[in-house]
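Work through the exercises below with the model open. Each task is followed by a solution in steps.

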Amino acid sequence: KILYGCGLRGIECARLRNKDVDFALNQIIIRNSKGYKDRITMLPSAIVNQLKLHLRYTKRIHEKDLHEGFGSVELPYALARKYKNVDKSWQWQFVFPSYQLSVDPRSGITRRHHIHLNSLNRAIRKTVKLCKISKRVTSHTFRHSFATHLLESGYDIRTIQELLGHKNVKTTM
């Protein structure tokens, strides 16, 4: 629902952090995306309640990890050095955490990373099969559908370009 409702790339969805979901403004901030750029996209009201339920569930997972002596995530740049224990704060956790803890090969720290893109794609394939859809569907199909439906609803191409994070309008077209 987030892939379609927000026009996210698969990897953007996987890397999404709690602090980047803004329920008050109904928007999601995509950080360090393709081309190392940030952008803002819409958060449809139709998915807000389900997303809040999901976040309550993942918060319990995080609290359990903290209780067991884990609960940290890798932070961008030098934030971990600058702000002590921010790597264990709820806002920096991933919206879609991995199902299991793993050892970070660079630091040797056991932490919960975000869901792997392969897991996301496998879930999409499984759902497509269950729904008996004969066409090829990928995470990018939802992104294309998002753009197409906005265009059909009267949004101008420049707005869609911004929401998708395209540098060139020709890519959007």
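**Exercise 1.** Leaving aside neighbours within four places in sequence, find which residues His166 is in contact with, and decide whether His166 is buried or exposed.

*Solution.* The model is a predicted one. Start with the location: His166 sits in the loop between H7 and helix H8 (169–172). Next, list the contacts. Beyond its neighbours within four places in sequence, His166 touches Arg9, Arg143, Gln161, Thr171 and Thr172. Then look at the side chains: those of His166 and Thr172 are joined by a polar contact of 2.7 Å. Last, take the relative accessible area of His166, which is 19%. Buried means under 20%, so His166 is buried.

**Exercise 2.** Determine how helices H6 and H7 are oriented to each other, and which residues meet between H6 and H7.

*Solution.* Helix H6 covers residues 139–152 and helix H7 residues 157–164. Their axes lie 10 Å apart and the packing angle is about 155 degrees. Angles over 145 degrees count as roughly antiparallel, and H6 and H7 are therefore roughly antiparallel to each other. The crossing in which H6 passes H7 is right-handed. From H6, the residues Arg143, Phe146, Ala147, Leu150 and Leu151 take part; they meet Ile157, Ile160, Leu163 and Leu164 of H7. Sorted by class, this contact of H6 with H7 has eight nonpolar residues, no polar residues and one charged residue.

**Exercise 3.** Find what links Arg39 to Leu163, and classify Arg39 as buried or exposed.

*Solution.* Arg39 belongs to strand S3 (residues 39–42). Along the chain, Arg39 and Leu163 are 124 residues apart, yet their C-alpha atoms are separated by 7.3 Å. A polar atom of the Arg39 side chain lies 2.7 Å from the backbone oxygen of Leu163. The relative accessibility of Arg39 is 9%. With the cut-off for buried at under 20%, Arg39 counts as buried.

**Exercise 4.** Take Asn26 and Asn85: what is the phi of Asn26, what is the phi of Asn85, and where do Asn26 and Asn85 lie?

*Solution.* Asn26 has a phi near 50 degrees, a positive value in a residue other than glycine. Asn26 is in the loop between strand S1 (21–22) and strand S2 (27–30). At 34% relative accessibility, Asn26 is partly exposed. Asn85 is likewise not a glycine, and its phi is positive at about 65 degrees. Asn85 is placed in the loop between helix H4 (79–82) and strand S4 (102–103). Its relative accessibility is 57%, so Asn85 counts as exposed.

Key:
Residues numbered from 1 in each chain as written. Predicted model: local features only at pLDDT ≥ 70, side-chain atom pairs only at ≥ 80, totals over all residues. Heavy atoms only, no water. Axes fitted to C-alpha atoms, helices over the stretch in contact; angles between N-to-C directions. Helix = DSSP H or I, 4+ residues; strand = E, 2+ residues; numbered from the N terminus. Parallel < 35°, antiparallel > 145°, perpendicular 65-115°, else oblique. Left-handed = near helix turned anticlockwise from the far one by under 90°. Contact = heavy atoms within 4.5 Å. Nonpolar A, V, L, I, M, F, W, Y, C, P; charged D, E, K, R; others polar. Buried < 20%, exposed > 50% of the residue type's maximum accessible area, 1.4 Å probe, protein only. Polar contact = N/O pair within 3.5 Å; in protein donor to acceptor, adjacent residues only side chain to side chain.
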